[in-house]
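Dear colleague,

I am passing on the structure we talked about, with notes on what was found in it. Please have it open while you read.

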Amino acid sequence: DTEGLLRIKEENQKHYRRAQRHQEKKEKIQRHNRRLGDLVEKKTYDLRTQYEHLAKLRRSHILELTSVIFPIEEVKTSMRDPADVSSESDNAMTSSTVSKLAEARRTTYLSGRWVCDDHNGDTSISITGPWITLPNNGDYSAYYNWVEEKKTTQGPDMEHNNPAHTISAALCYATQLVNTLSLILDVNLPKKLCNRQHFAFCMFVCVWCFNSEFCGDNLSRHKFTRAVKKLNANILHLCFSQHVNLDLLHPLHTLRNLMYLVSPDTENLGR
């Protein structure tokens with residue numbers, strides 16, 4: 001029994017020494033993990049700082065791009081509310097009639113259904129200049145109506161002062177701006193709108209310059225509507241990526257959504 005007791009004591013001492021070595025190794029690993037934790041925290045802070053710096057650079061590039069090359073502004077029109085004009089000509093008009101006229105003015109028949117548009121007739125959105133604008137309610141029927149009419153009627157009068165040319169130019173500029181913004185923001189667009197492209201130096205970075213579908217031959221109604229939907233989808237995707245207030249967006253307001261995206265009031269622009 002005494003010899004057995006001695007053997008057990010020797011084994012216990014060996015286990016104790018081994019436990020001490022394991023404890024030292026454990027403490028060493030813990031110190032190593034703490035150093036790694038401090039390093040990761042420092043790297044995370046540096047990365048967050050770099051992201052903020054990159055966001056500021058992107059924001060400054062975008063604001064300069066949209067102020068020098070692609071300015072987007074809200075253009076006031078001189079149209080008067082028909083309710084006001086009618087009320088001036090007929091003092092006996094009831095308030096219900098005035099309200100109905102105002103409601104009708106804010107409603108547009110678009111693609112087979114009535115669409116409510118609070119900005120209809122009041123303003124339009126211009127890009128690159130006040131002479132290149134898009135309808136506020138997203139109704140671009142003037143373009144494909146002109147294309148269909150041009151197939152049957154030929155004449156010099158149709159080539160001048162035509163709103164279809166303005167719509168085509170505005171959509172072309174919007175497409176170029178959207179593609180440039182996607183490169184600056186490093187956001188992949190869900191829809192592809194470009195046919196041909198070439199390399200060029202634009203603003204602060206080397207970018208791909210695109211020849212938009214809207215600048216080519218006259219598009220049919222189906223192709224034109226499809227291209228506009230793709231452009232609107234890309235703009236909304238960029239707006240979502242920059243956390244633009246969803247209450248301001250409308251799926252049919254091409255330039256207005258783009259204006260909200262590049263506005264200096266967009267806090268997360270460049271993220």
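At roughly what angle do the axes of α5 and α7 cross, and within what distance do they come? This is a predicted model, which should be kept in mind throughout. In it the axes of helices α5 and α7 cross at roughly 35° and come within 11 Å, and the crossing is left-handed. On the α5 side the contact is made by L171, A174, L177, V178 and L181, and on the α7 side by T254, L255, L258 and L261. By class, the residues of this contact divide into 8 nonpolar, 1 polar and no charged.

Helix α7 itself spans residues 254–261, and because 7 of its 8 residues are buried, it is largely enclosed by the rest of the structure. The buried residues of α7 are T254, L255, R256, N257, L258, M259 and L261, and they pack against β1, β4 (123–127), β5 (133–134), α5 and α6.

Helix α5 (residues 163–185) also packs against helix α6 (residues 221–241), here at an angle of about 35° and with the axes 10 Å apart. The crossing of α5 and α6 is likewise left-handed. From α5 the contact draws on I167, L171, A174, T175, V178, L181, S182 and L185, while α6 brings F224, V228, L231, N234, I235 and L238. Sorted by class, the contact of α5 with α6 has 11 nonpolar and 3 polar residues, and no charged ones. L171, A174, V178 and L181 of α5 are thus listed in the contact with α6 and also in the contact with α7.

A further residue of α5 that you may wish to look at is S168. With a relative accessible area of 14%, S168 counts as buried, because the cut-off for that class is under 20%. Leaving aside neighbours within four places in sequence, S168 is in contact with Y143 and F214.

Turning to the aromatic rings, the count comes to 3 pairs. One of them is formed by F70 and Y173, which meet edge-to-face, with 6.3 Å from centre to centre and 65° between the planes. F70 lies in the loop between α1 (2–68) and β1 (72–76), whereas Y173 is in helix α5, so this pair ties together parts that are 103 residues apart in sequence. The two partners differ in their surroundings: F70 is buried, at a relative accessible area of 7%, while Y173, at 30%, counts as partly exposed.

Another pair, Y143 with F224, is stacked, with the ring centres 4.2 Å apart and 15° between the planes. Y143 belongs to helix α4 (residues 141–152) and F224 to helix α6, and the pair thereby links distant parts of the chain, 81 residues apart. Both Y143 and F224 are buried. Ring pairs also join Y140 to these residues, giving a cluster of Y140, Y143 and F224.

Lastly, a point that comes from a record: an unreviewed UniProt entry lists residues 5–42 as "coiled-coil region". In the model, the chain over residues 5–42 is 100% helix and 0% strand, and the C-alpha atoms at the two ends of that stretch are 55 Å apart.

With best regards

Note on methods:
Residues numbered from 1 in each chain as written. Predicted model: local features only at pLDDT ≥ 70, side-chain atom pairs only at ≥ 80, totals over all residues. Heavy atoms only, no water. Axes fitted to C-alpha atoms, helices over the stretch in contact; angles between N-to-C directions. Helix = DSSP H or I, 4+ residues; strand = E, 2+ residues; numbered from the N terminus. Left-handed = near helix turned anticlockwise from the far one by under 90°. Contact = heavy atoms within 4.5 Å. Nonpolar A, V, L, I, M, F, W, Y, C, P; charged D, E, K, R; others polar. UniProt positions renumbered as here; feature names shortened; annotations may be inferred. Phe/Tyr/Trp six-rings, centres within 6.5 Å; stacked < 30°, edge-to-face > 60°. Buried < 20%, exposed > 50% of the residue type's maximum accessible area, 1.4 Å probe, protein only.
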